[in-house]
Amino acid sequence: METILKADVGGKTFSIQSGKTAKQASGSVTVQYGDTIVLVTVVAANEERAANFLPLSVEYQEKIYAAGRIPGNYFRREIGRPSEKETLTARLIDRPIRPLFPSEWRYETQVIATVLSMDQKNDPDILAMVGASAALEISDIPFAGPIASVRVGRVNGEFVINPEIELWEQSDINLIVAGSKTGIVMVEGSGDIVKEKDMLEAVYFGHEAIKPLVDLQTELRATLGKPKREFIPPEKDAQLVEKLTAEATSKIRETIVIPEKMKRYAAMRELKKAIVDGLGDDYAEQQGEAYGILSDIQKKVSRDLIINEQRRIDGRKFNEIRPISCEVGTLPRPHGSALFTRGETQVLGILTLGSGQDEQRVETLSGEENRQFMLHYNFPPYSVGEVKRVGGPSRRDIGHGGLSTRALEKVLPDREDFDYVIRIVSEVFESNGSSSMGTVCAGTLAMMDGGVPIKAPVSGIAMGLVKEGDDVVILSDILGDEDHTGDMDFKVTGTTEGITALQMDIKIHELSKDIMENALEQARVGRQHILNKMLEAIQIPREDISPFAPKIFSIKIHPDKIRDIIGPGGKIIRAIQSETDTKIEIEDSGLVKVAAASQENGEAAVSRINEIAMDPEEGAIYEGKVVKTTDFGAFVQIKPGTDGLVHISQLADYRVAKVTDEVKEGDVIKVKVLEISKDGRIRLSRKAVLKEENATD
């Protein structure tokens, strides 16, 4: 039975349709907002998988036909590898729904969101997020929803729900908020150095707008929802749980407070193995279950340590930051570099500067984008002491890179003040808690080391939360173990004046406004502490860029002269680039940019361009080459494509019998412009120059 339900969201109609398409999926909905339409399906396998994790995969697909275009690549079709935008959106869908599946769910589950239509006004990501929850709600898959999402912007001081894409540039806040009717489950976004109280207000403004979308899904489920599968999580062997709890709790408690990560991990592995081996033959077939129970005990002990004993694994106070060290200029040839170490997390940030031709060109549903700033995050397996296949960037790499990009792009200099393409690469050398925030810090330091005049330095911190009943503990600068056992992963970046990026994932069903407010304030204090340590290494950006960075020169010419610089078939511009070892870009406005490896080469290219682009002036003296001789005079090229005639009477200050007695083709001589006629003919004189030189002597 086809059903369409609608709600007013942000002053526009948001509709969810089901029962018409993709009916063989476990759940299927089509979501529409404006003329943007997304189909979201969910399917769960019928056979349980032997795994110790939730086998959930989320795919988000942008079809170029949705924007009424043919793909611009060689194959003229959507290529299998997802774009960065598709990967980031898939993560946005995954993060809020993953905690809402039963903890023991082991049926392969796949969510696919496909963009069918894009109106260039409403981004499909919000529709895909809402659609994923709606499809799960009406399916037979157990799911503790519904949840919904909206985007929150602030334009001219006023909050806006789901602002159209053209308003994003005018908005100083761009947040995606996901939640249930009673609480927030995820926040993702950026701010133009926004105060904490304003960001908090934006989050809860968004939460109010979520509620009609939650009601819509509840109504849809009542109309079309399938009966949920009977799923009873397998019960653990009560006798084995009791036995392991009695034997392992105190030993795990002793092991878990070993401060060094690798020593703690090694000791915990040995302890668990010894305990499982000691169970004997009676439990030989339950070793997997035993390890699972021990992991549960470890998590409980970790939380008890924080809630009941008021201490952390490494002995720090709840608001204490690990030791920090910062070094800049660590690499000689890149254009800027910095090594940031916080506890057992270490990141090397590397800066490379380029010209406009180095911009990243990306095909999106909104058209082709040119990106002046790029940040690439690399997380090799050795950073956590593992052995894994090394390949292209993972979803995690792209996600952490995206967060770090949002954190830093708000403080980049204006293009008019610093006309360089900027690339930051983050190489994670060690990781024990929030390498993405280490990337933000290392990236800031690398840009300052490279002479990028950023508006303000940015630092970042990862916060955690442990909540048991009314007992709540907020943790600053969390370790990897605290992230794993806690209830919140909350990353905040910003300057001394405010927030530039925010990312929050909640593992519990809701989070009160008071807790989030306290977490933001504790994060602000922590960020400032980290920033102070960074500024001990370098206080302001260096005055000069690296001598190995390209030199950028900009000149303005008349647009009519562009064709002269390019030349027939690009001959002139190619010759200039080849002879001066430069890269030249020409915009339709007449702005010419020259990128050179050295000051000398750049100035040589600029001089050549000026020669071509100049308009000859009467009375001016030029150096030119004799390109042709005749009985009545010589033709001299005073700039590429522009010749003038030196009459035989103007070759010297005495009578010349024959032109070739005085000059020959290929000679370079100085000439003065006597006259430029209305039809563009130029009269030149060598005699006038010789007279002036003799007078000077």
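Buried, in these notes, means under 20% relative accessible area. I'm working from a predicted model, so I keep that in mind throughout.

**Entry 1: N432**

I looked up N432 with that cut-off in hand. Its relative accessible area is 2%, so N432 is buried. I found N432 in the loop between β17 (421-430) and α8 (435-449). What does its side chain reach? It reaches the backbone nitrogen of G480, at 3.2 Å. I then listed what N432 touches, leaving out residues up to four places away in sequence: K261, R264, R322, E344, T345, I478, L479 and G480. So G480 turns up both as a polar partner and in the list of touching residues, because the 3.2 Å pair is inside the 4.5 Å contact limit.

**Entry 2: the cores**

Next I went looking for nonpolar cores. As background, nonpolar side chains tend to be buried together in soluble globular proteins. The largest core here has 136 residues, and I97, L175, M447 and F490 touch the most other members. Which helix gives the most to this core? That's α3 (residues 196-224), with eleven residues. I also noted a second, separate core of 20 residues, with A248, V276, I297 and L305 among its members.

I picked F490 for a closer look. Setting aside neighbours within four places in sequence, I see F490 in contact with I461, A462 and M463, with L502, Q503 and M504, and with M516, A519 and L520.

**Entry 3: helix α13**

I checked the length of α13 (residues 599-613). At 1.5 Å a residue, its 15 residues should span 21 Å, and I get 21 Å between the end C-alpha atoms, which agrees. Which of its residues are buried? They are G602, A605, V606, I609, I612 and A613. Seen down the helix axis, these buried residues fall within an arc of 125 degrees, so they line one face of α13. I wanted to know what that face packs against. The buried residues of α13 pack against two helices, α11 (562-566) and α12 (571-580), and against the strands β22 (551-556), β23 (582-586), β24 (591-596) and β26 (633-639).

**Entry 4: backbone oddities**

A reminder to myself: most residues other than glycine have a negative phi, and most peptide bonds are trans. I went hunting for exceptions.

- G145 and P146 are joined by a cis peptide bond, with omega about 0 degrees. I place P146 in the loop between α2 (124-138) and β7 (148-155).
- N156 isn't a glycine, yet it has a positive phi of about 55 degrees. I find N156 in the loop between β7 and β8 (158-161). Is N156 buried or exposed? Its relative accessibility is 73%, so N156 counts as exposed.
- Q310 isn't a glycine either, and its phi is also positive, at about 55 degrees. Q310 sits in the loop between α6 (287-307) and β11 (324-328).

**Entry 5: cysteines**

How many disulfides does the structure hold? I count zero. I checked C326: it is in no disulfide, and the nearest cysteine sulfur, that of C441, is 7.3 Å away. C441 is in no disulfide either, and its nearest cysteine sulfur is that of C326, at 7.3 Å. A disulfide needs the two sulfur atoms within 2.5 Å, so this pair doesn't make one. I also looked up burial for both. C326 counts as buried at 17% relative accessibility, and C441 is buried too, with a relative accessible area of 0%.

Conventions
Residues are numbered from 1 along each chain as its sequence is written. This is a predicted model: local features need pLDDT of at least 70, side-chain atom pairs count only at pLDDT 80 or more; totals for chains, interfaces and linings use all residues. Side-chain values use heavy atoms; hydrogens and water are left out. Helices (H or I, at least four residues) and strands (E, at least two) are DSSP runs, numbered from the N terminus. The expected span of a helix is 1.5 Å times one less than its number of residues. Buried means under 20% relative accessible area, exposed over 50%, partly exposed in between (1.4 Å probe, protein chains only). The arc is that of the directions from the helix axis to the C-beta atoms. A nonpolar core is a set of buried Ala, Val, Leu, Ile, Met, Phe, Trp, Tyr and Cys residues joined through side-chain atoms within 4.5 Å. A polar contact is a pair of N or O atoms within 3.5 Å; within protein, one must be able to donate a hydrogen and the other to accept it, and residues adjacent in sequence count only if both atoms are side-chain atoms.
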